[in-house]
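Let's sit down with a structure and read it together, one feature at a time. Feel free to keep the viewer open as we talk.

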Amino acid sequence: MSQITARLPDDVVAALDAAAAELRRSRADVVRQAIEYYLDDFEDIRRAIEVLRDPADPVLDWNAVRDDLLRLD
């Protein structure tokens, strides 16, 4: 396992310490979990953007879709 060092504002460290105390975890555990969650979200967003930029994926016209759906009634 690698170790990293980061400089954080005092208010962020205070919030980190409060969260760690409430969770009964170490600072390192809270930071590790937060980074894992962030990277999971980042990967999801990266994939979504990749799909949105796919030129083979058709772009739908909202007005046409709405009109089609309203005609189903």
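**Reading the model, feature by feature**

Q: I'd like to start with the aromatic residues. Is tyrosine 38 buried or exposed?

A: Tyrosine 38 is exposed, because its relative accessible area is 54% and the cut-off for exposed is over 50%. Keep in mind that we are reading a predicted model.

Q: Then how does phenylalanine 42 count, and where is its place?

A: Phenylalanine 42 has 45% relative accessibility, so the residue counts as partly exposed. Its place is in helix α2.

Q: How should I describe a pair of aromatic rings?

A: Two quantities do the job: the distance of the centres and the angle of the planes. In this model the count comes to 1 aromatic pair. Its members are tyrosine 38 and phenylalanine 42, with ring centres 6.3 Å apart and planes at 20°, so the pair is stacked. The cut-off behind that word is planes under 30 degrees apart.

Q: Where do these two residues lie along the helix?

A: Start with the general idea: an α-helix has 3.6 residues a turn, so residues three or four places apart point the same way. Here, tyrosine 38 and phenylalanine 42 are both in helix α2 (residues 27-52), 4 residues apart, which is about one turn of the helix. For a contrast along the chain, phenylalanine 42 and proline 58 are 16 residues apart, and their C-alpha atoms are separated by 24 Å.

Q: How far can I trust the coordinates? Which element has the lowest mean pLDDT, and which the highest?

A: As a rule, where pLDDT is low, the predicted coordinates should not be read in detail. The protein chain averages a pLDDT of 92, and 99% of the residues score at least 70. Among the elements, helix α3 (residues 62-71) has the lowest mean, 90, while helix α1 (residues 10-23) has the highest, 97.

Q: What span should α1 have?

A: Work from 1.5 Å a residue: the 14 residues of α1 should span 20 Å, and the end C-alpha atoms are 20 Å apart, which agrees.

Q: And what happens just after α1?

A: Look at the backbone there. Most residues other than glycine have a negative phi. Arginine 24, just after α1, takes a positive phi of about 55°, although this residue is not a glycine. Arginine 24 sits in the loop between α1 and α2 and is exposed, with a relative accessible area of 76%.

Q: Let's compare two alanines. Which of alanine 6 and alanine 20 is buried, and which exposed?

A: Alanine 20, in helix α1, has 6% relative accessibility and counts as buried. Alanine 6, in the segment before α1, counts as exposed at 58%. As for distances, alanine 20 and alanine 34 are 14 residues apart in sequence and 11 Å apart in space, C-alpha to C-alpha. Alanine 6 and glutamate 22 are 16 residues apart in sequence, with 22 Å between their C-alpha atoms.

Q: One last feature: how many residues line the largest pocket, and which lie nearest its centre?

A: There are 15 lining residues, and Ile4, Thr5, Ala28, Val31 and Ile35 lie nearest the centre. The space in this largest pocket is about 590 Å³. Helices α1 and α2 each supply at least two residues of the lining, and α2 gives the most, with 6 residues. By class, the lining has 9 nonpolar, 3 polar and 3 charged residues.

Notes. Residues are numbered from 1 along each chain as its sequence is written. This is a predicted model: local features need pLDDT of at least 70, side-chain atom pairs count only at pLDDT 80 or more; totals for chains, interfaces and linings use all residues. Side-chain values use heavy atoms; hydrogens and water are left out. pLDDT is the predictor's confidence in each residue, from 0 to 100. Rings of Phe, Tyr and Trp (its six-membered ring) pair if their centres lie within 6.5 Å; planes under 30 degrees apart count as stacked, over 60 as edge-to-face and the rest as tilted. Buried means under 20% relative accessible area, exposed over 50%, partly exposed in between (1.4 Å probe, protein chains only). On a 1 Å grid over the protein atoms alone, a cavity is a set of points where a 1.4 Å probe fits but cannot get out, and a pocket is an open set with protein on both sides within 12 Å along at least five of seven lines; lining residues have an atom within 4 Å of a point. Grid points are joined across faces, edges and corners, and a volume is the space filled by probe spheres set on the points. Ala, Val, Leu, Ile, Met, Phe, Trp, Tyr, Cys and Pro count as nonpolar, Asp, Glu, Lys and Arg as charged, and the others, Gly among them, as polar. The expected span of a helix is 1.5 Å times one less than its number of residues.
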